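Some terms used for ligand sites carry cut-offs. The questions below ask how such terms apply here.

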Amino acid sequence: MKSATRVWVLAALVFVTMGDWASNGRAAETSSELLLRDDEIARIIRHGPWPPPRRVDASNRVSGNMSAAELGELLFFDPRLSANRQIACSTCHDPKLGWTDGKARAGGLERLDRNTQSLFNVSGNRWFGLDGRNDTLWAHSIGPMLDSREMGATPDLVAKILREDQILNELYQTAFGVSANDRDPLDLLVDAAKSLAAFQETITTGRTSFDIFRDALEREDYKAANDYPESAQRGAALFVGRGRCNLCHIGARFTNDEFDDAGVPYFTGPGGVDPGRFEGIRQLRASPYNLLGRHNDSPENASGWATAQVAQTHRTFGQFKVPSLRQLVQTAPYMHDGSLKTLQEVVDHYSNIDLDRIHSDATPLLAPLNLTEQERADLVEFLKSLSTPVEAD
Ligand code: HEC
Ligand code: HEC
């Protein structure tokens with residue numbers, strides 16, 4: 001216990017209910033205490049509920065469509081969509097590795113400068129890519145197919161596969177209501193990406209021990225809440241308290257859906273830097289596939305308002321996506337360059353953060369936390385509780 005103002009909620013409950021045991025009827029069977037203050041509880045409750053309501057992407061007319069998801073799943077694992085016929089989306093986004101590749105930096109036809117993002121709960125994002133260079137999941141799915149360093153395909157190649165493979169051709173007809181043979185290659189490329197998006201919408205994570213804890217707090221069922229390990233409780237208090245992690249990692253997905261600078265070096269090699277969000281904004285605005293373009297299936301419901309607003313200000317240089325913190329136990333290594341191998345290393349990074357490394361000119365929200373060994377272990381325990389247990393194969 002760090003301060004006398006902390007309420008031992010459960011202990012208090014025991015004392016209060018002692019007096020009117022019969023009328024209250026809530027017998028506290030354990031004497032262990034919940035280590036949280038009311039304001040901490042209120043802040044923890046903001047990280048839920050989970051799962052979030054299913055979201056339909058209005059800009060994608062096959063969002064939520066089962067045939068499209070089935071087509072998308074086949075395409076996702078299909079290496080024929082690459083120039084050398086060896087690279088599929090799943091080469092880098094492997095479901096067995098938490099939809100990543102387990103490497104620090106990805107490699108397709110060539111090596112990339114960035115870590116492969118996981119696709120868990122991806123449809124909840126507002127921006128896509130570590131630099132937010134796309135405003136929809138389907139638009140982001142076009143990039144890797146065409147990128148010469150990733151799959152190196154062309155619209156003609158994608159169109160040929162959709163037309164000539166009988167199974168894909170039939171699924172396309174069912175999902176889109178027209179024959180692939182009557183569509184031109186560019187439209188087929190976009191439709192393939194919209195199917196890939198319909199599939200990726202199904203990649204979600206289940207309820208975690210944190211979610212059970214959080215819901216118990218909301219119901220004021222402190223006895224159930226106390227099943228959550230004490231170390232994780234202390235970690236949660238640190239996360240929403242002195243650690244100020246929730247300034248950026250907020251809400252049920254533990255992200256504000258924006259970009260920031262967490263003090264990770266942005267050098268990609270000798271003389272090279274990754275401009276992050278700065279370059280992402282330029283690409284977003286120039287993309288023919290953004291929400292302001294003709295491929296948006298419902299401009300009235302998915303307006304692209306935010307896309308029209310973003311500006312390439314200097315402070316966006318070296319900023320990267322604030323990632324969701326769900327299911328991290330499967331997605332190491334961490335950060336945009338994969339430079340931190342374990343959650344322990346990430347917590348150490350925040351504990352000893354080097355402010356000279358914050359390159360954005362905004363006032364940094366971060367400062368070295370100088371955590372004790374116990375506090376670091378607690379924070380790691382808390383971060384792990386945001387994942388569901390991983391089944392062994
Ligand atoms: C060569 C490895 C590689 C291949 C192949 C690949 N990706 Fe990725 N993917 C990445 C990397 C690296 C990132 C991080 C993106 C960035 O900012 O550059 C990423 C990011 C993403 C994201 C953004 C996730 C988010 O939360 O913003 C999506 C969606 C995605 N990929 C889908 C796909 C799809 C669909 C395919 C196949 C058409 C694919 N990827 C093929 C490496 C790959
Ligand atoms: C100022 C906003 C901000 C604050 C405050 C913040 N983070 Fe982050 N966090 C980020 C950004 C941005 C990244 C990605 C950085 C990068 O890729 O270079 C990140 C990355 C992470 C990652 C890696 C996730 C992954 O998939 O790679 C973890 C874990 C994490 N933060 C935990 C924390 C914890 C714990 C705290 C509190 C001690 C915290 N963050 C405070 C912005 C923030």
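The turns below set values against definitions, for two ligands and one acidic residue.

This is a predicted model, in which local features need pLDDT of at least 70 and side-chain atom pairs count only at pLDDT 80 or more, while totals for chains, interfaces and linings use all residues. Residues are numbered from 1 along each chain as its sequence is written, chains are lettered from A and ligands numbered from 1 in the order in which they are written, and side-chain values use heavy atoms, with hydrogens and water left out.

Q: What makes H93 a donor to the iron atom of ligand 1?
A: A donor is an N, O or S atom within 2.8 Å of the metal (3.2 Å for Na, K and Ca). NE2 of H93 is 2.1 Å from the iron, so H93 counts as a donor. H93 is the single donor from the protein; water is not among the atoms, so sites may look incomplete. H93 sits in the loop between α5 (89-92) and α6 (137-146), where helices are DSSP runs of H or I with at least four residues and strands are runs of E with at least two.

Q: Which residues come nearest to ligand 1, and what makes a residue near?
A: One of its heavy atoms must lie within 4 Å of the molecule. There are 30 residues around ligand 1, and C89, C92, H93, N125 and L130 come nearest. α6 gives the most to this shell, with 5 residues.

Q: Why is the approach of H336 to ligand 2 called a polar contact?
A: A polar contact is a pair of N or O atoms within 3.5 Å; within protein, one must be able to donate a hydrogen and the other to accept it, and residues adjacent in sequence count only if both atoms are side-chain atoms. A polar side-chain atom of H336 lies 2.6 Å from an oxygen atom of ligand 2, so the pair qualifies. H249 also has a polar side-chain atom 2.9 Å from a nitrogen atom of ligand 2.

Q: How do you know that D135 has no salt bridge?
A: A salt bridge needs a side-chain nitrogen of Lys or Arg within 4 Å of a carboxyl oxygen of Asp or Glu. The nearest side chain of opposite charge to D135, R277, is 9.2 Å away, so the criterion is not met. D135 is nevertheless buried (under 20% relative accessible area; exposed is over 50%, partly exposed in between, with a 1.4 Å probe and protein chains only). Its side chain makes a polar contact with the side chain of T307 at 2.7 Å, and a polar atom of the D135 side chain lies 2.9 Å from the backbone nitrogen of L291.

Definitions and conventions:
Lys and Arg count as positive and Asp and Glu as negative; His and the chain ends are not counted.
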